[in-house]
Amino acid sequence: SNSLRMEVNGEVGRIPLTVDQPIADVKLSALIQAKNTSTLSTVLGVSIPDLGPLKATGRLIDRTGIIGVRDVKVLVGNDKNAKLKVTGTVASLLKDYDVAVDGIALVVEARDLGLKSFSNLIGQPLPDVGPINGSFRLAGSPMKLAISKTKLSSVSPQGLKLTVTGGVDRIRPGGQKPLEGVDVSLSATAPNSGVLAALVNIELPDLGPVQMGARVGDGSGSLDVKTFDIRSGSGKEATFHMQGQILRITDLKQMALQAAFETASQPWVEKYLQQPQADNIPLTGTIKVRGAAENLIIDRIRFGTADGKRLDLEARGRLTQLSASPAVNLQLTASAPDPPAIGSMVGVSLPPLNALTINGRLNGNAQKVVFEGQTRIGGTIFTSKVSGALAGQRPRIEGSFAAKIVNLEDMGIYPQAPVDDAGKTDAPA
């Protein structure tokens with residue numbers, strides 16, 4: 001057709017009339033041209049994104065019954081500024097009249113290649129990380145392919161910089177272990193945390209410049225993030241730092257995350273409680289979660305002040321309905337030996353309460369959460385219910401507390417001694 005052109009020129013020295021002898025002395029040049037890469041979709045039977053004009057050339061040669069192609073050159077885009085360029089050889093296309101692709105040795109180069117066009121190919125939208133630049137090598141056969149010397153990078157319009165290096169020793173589509181020998185390193189930088197928040201459609205406080213690194217490998221047939229490191233802030237003053245690993249990342253039902261983190265309290269309090277004048281307290285924590293069908297099991301999340309003296313909070317439970325409207329169901333325990341110190345951290349003035357402990361269940365979703373359980377202040381025990389509406393501009397918190405006996409001193413209330421007729425207070429006994 002006018003949109004697709006296929007041409008073969010040259011000569012074949014011998015074409016046997018029977019299949020017991022191979023074709024020989026093949027000296028052909030091949031050309032494929034298309035006004036757009038998507039034109040090949042009907043020819044190949046697979047969906048190919050619209051990447052621009054295509055031109056592919058090569059020389060067909062034979063060696064003892066095997067026909068291959070040398071001087072492969074595939075250009076996607078215009079000749080002078082191709083978005084995608086593939087060069088190299090394929091040692092075998094046909095063997096004894098049967099298709100037998102092997103001996104792939106190709107270099108793939110990308111220049112300002114956008115990813116949005118590939119969204120339909122994988123069936124889901126891709127984030128805008130900017131155009132891809134770099135190269136990698138392909139070797140082997142379609143059923144046992146290797147990727148090596150990968151170096152790809154991108155810069156988004158918002159300033160997110162990504163780099164991917166490494167390779168995969170064996171790719172076996174449909175095999176029990178489709179990926180083997182994976183050793184890939186990823187790094188990223190962003191001018192601020194808002195760039196990352198917009199990329200994954202979540203809200204984050206302003207944590208300053210962000211640096212991330214990860215190493216991906218395979219083990220026991222799974223794909224794992226062996227290590228990852230996320231750091232934000234300027235210079236030595238980190239506003240957030242997390243390190244950990246994620247096992248079995250390709251299957252949410254089997255995924256397992258372990259991580260430790262430290263952060264400054266003030267950015268989070270300013271963002272979610274609108275208290276910019278709150279004291280900035282170092283916080284630390286650990287996370288251990290694993291996947292299940294439509295759930296995320298929280299084996300343990302621990303969170304507290306770095307000194308271990310002001311606040312310690314621990315949660316266990318589940319995140320449910322992950323594919324629809326995520327909800328939380330947690331068993332929550334917390335202790336604060338000095339509650340007024342916690343008040344200063346969240347920008348609230350508290351009376352001199354005695355030591356605080358909390359034990360109960362937290363249930364809810366992104367719009368509303370409810371805590372029901374026991375709150376103990378000093379020797380006073382309350383049955384408590386606290387609900388928070390989170391959907392508005394400012395969170396709305398309501399609570400009810402009931403106790404048979406309330407020790408006023410536990411609440412920071414110290415009644416004055418009665419005054420005598422002369423205006424003097426009685427001396428304490």
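Visitor: How do you know which element Asp112 belongs to?
Guide: Asp112 has its place in strand S6, a strand here being a DSSP run of E at least two residues long, just as a helix is a run of H or I of at least four, with numbering from the N terminus. Please keep in mind that this is a predicted model, where local features need pLDDT of at least 70, side-chain atom pairs count only at pLDDT 80 or more, and totals for chains, interfaces and linings use all residues. Residues are numbered from 1 along each chain as its sequence is written, and side-chain values use heavy atoms, with hydrogens and water left out.

Visitor: What makes the phi of Asp112 worth a look?
Guide: Its value is near 50°, which is positive in a residue other than glycine. Most residues other than glycine have a negative phi. Arg248 is another example, with a positive phi near 55°, and Arg248 sits in the loop between S13 and S14.

Visitor: Why is Asp112 called partly exposed?
Guide: Asp112 has a relative accessible area of 44%. Buried means under 20%, exposed means over 50%, and partly exposed is what lies in between (1.4 Å probe, protein chains only), so Asp112 falls in the middle class. Arg248, at 30%, is partly exposed too.

Visitor: Why is the pair of Phe240 and Phe261 called stacked?
Guide: Their centres are 6.4 Å apart and their planes differ by 20°. Rings of Phe, Tyr and Trp (its six-membered ring) pair if their centres lie within 6.5 Å; planes under 30 degrees apart count as stacked, over 60 as edge-to-face and the rest as tilted. The pair therefore meets both the distance limit and the stacked limit.

Visitor: What makes this pair a tie between parts of the chain?
Guide: Phe240 lies in strand S13 (residues 237–247) and Phe261 in strand S14 (residues 256–264), so the pair joins parts that are 21 residues apart in sequence. Both Phe240 and Phe261 are buried. They also belong to one aromatic cluster with Trp268, Tyr272 and Phe303, and the structure holds five aromatic pairs.

Visitor: How do you know what kind of pair Phe382 and Phe401 form?
Guide: The ring centres are 6.0 Å apart and the planes stand at 85°, so this pair is edge-to-face. Phe382 is in strand S21 (residues 380–389) and Phe401 in strand S22 (residues 396–402), 19 residues apart. Phe382 is buried at 10% relative accessible area, whereas Phe401 is partly exposed at 48%.

Visitor: What makes S21 and S22 a strand pair?
Guide: Two strands pair if DSSP finds at least two bridges between them, and S21 and S22 have seven, in the antiparallel sense. One of the partnerships is that of Gly388 with Ile397 in S22. Strand S20 (residues 368–377) also pairs with S21 in the antiparallel sense, over ten bridges, and Gly373 stands opposite Ser384 in S21. S20 and S21 form a hairpin with two residues between them, and Gly378 in the turn has a positive phi of about 60°.

Visitor: What makes a group of residues a nonpolar core, and which members of the largest one touch the most others?
Guide: A core is a set of buried Ala, Val, Leu, Ile, Met, Phe, Trp, Tyr and Cys residues joined through side-chain atoms within 4.5 Å. The largest has 24 residues, and Leu84, Ile104, Leu106, Leu113 and Leu138 touch the most other members. S6 gives the most to this core, with five residues. Apart from it lies another core of 23 residues, among them Val184, Val225, Met255 and Leu296.

Visitor: How do you know which residues Leu54 is in contact with?
Guide: Contact means heavy atoms within 4.5 Å. Leaving aside neighbours within four places in sequence, Leu54 is in contact with Ile32, Gln33, Ala34, Thr37, Leu40, Val74, Leu75 and Val76. Leu54 lies in strand S3, and with a relative accessible area of 10% Leu54 is buried.
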